[in-house]
Amino acid sequence: MEYAFEVALSFAGEDRLFAEAVARGLRDAGVKVFYDNFYAEELWGEDLAVKLREVYHGSSQFCIMIISQHYVNKMWPSHERQQAIERMIMEKGKTYVLPVRLDGFNGEVPGLSGTISYL
């Protein structure tokens with residue numbers, strides 16, 4: 001299958017500095033990455049609920065979830081996470097979500113299995 005993005009980053013706004021560093025590193029390594037600020041013009045005026053579903057449900061080969069307490073508590077990351085989890089279910093658990101836990105966060109992530117390996 002052909003994907004628009006090799007990786008999509010899902011994160012809370014409070015973790016943007018870390019997410020941007022990851023996005024720039026991936027892009028500099030030649031990886032096609034969805035990071036919202038890289039596509040601000042294309043997202044302008046779009047229904048983000050629809051566009052983000054496309055990105056996190058079907059247009060990306062992998063989803064890197066940058067998980068923190070902010071990530072768990074915020075609306076948009078929850079929407080992105082729901083799309084990614086739905087995809088994992090449809091693909092019968094095929095590797096898609098690559099979680100990264102920040103700042104020692106080890107709490108539960110709603111909908112995400114605790115048995116998924118993370119960095």
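1. A word on terms before we start: helices and strands here are DSSP runs, with at least four residues for a helix and at least two for a strand, numbered from the N terminus. Please keep in mind that this is a predicted model.

2. With that in hand, the fold is easy to walk through. The chain holds 5 helices and 4 strands. Starting at the N terminus, their order is β-α-β-α-α-β-α-α-β. The chain has a radius of gyration of 13 Å, close to the 14 Å that the globule rule gives for 119 residues, so it is as compact as a globular protein of that length.

3. On overall dimensions, the C-alpha atoms fill a box of roughly 35 × 30 × 30 Å along the principal axes. Contacts within the chain are worth a look too: among those between residues at least 6 apart in sequence, 70% join residues at least 24 apart.

4. How much of the chain is buried? Of its 119 residues, 41% count as buried. As for the outside, the accessible surface of the chain is about 6900 Å², and carbon and sulfur atoms account for 56% of that surface.

5. One spot on the surface deserves a visit. L48, M75 and W76 together make a nonpolar surface patch of about 300 Å². To find the patch in your viewer, you could begin with M75, which sits in helix α5, a helix covering residues 75-90. Is M75 buried or exposed? The relative accessible area of M75 is 58%, and exposed means over 50%, so M75 counts as exposed.

Terms used. Residues are numbered from 1 along each chain as its sequence is written. This is a predicted model: local features need pLDDT of at least 70, side-chain atom pairs count only at pLDDT 80 or more; totals for chains, interfaces and linings use all residues. Side-chain values use heavy atoms; hydrogens and water are left out. Patches are made of residues with over 30% relative accessible area and no salt bridge: like charges are joined within 9 Å, nonpolar side chains (Val, Leu, Ile, Met, Phe, Trp, Tyr) within 5 Å. Accessible areas come from the Shrake-Rupley method with a 1.4 Å probe; for residues, only the protein chains shown count as cover. A salt bridge is a side-chain nitrogen of Lys or Arg within 4 Å of a carboxyl oxygen of Asp or Glu. Buried means under 20% relative accessible area, exposed over 50%, partly exposed in between (1.4 Å probe, protein chains only). The radius of gyration is taken over C-alpha atoms; the globule rule is 2.2 Å times the number of residues to the power 0.38. Contact means heavy atoms within 4.5 Å.
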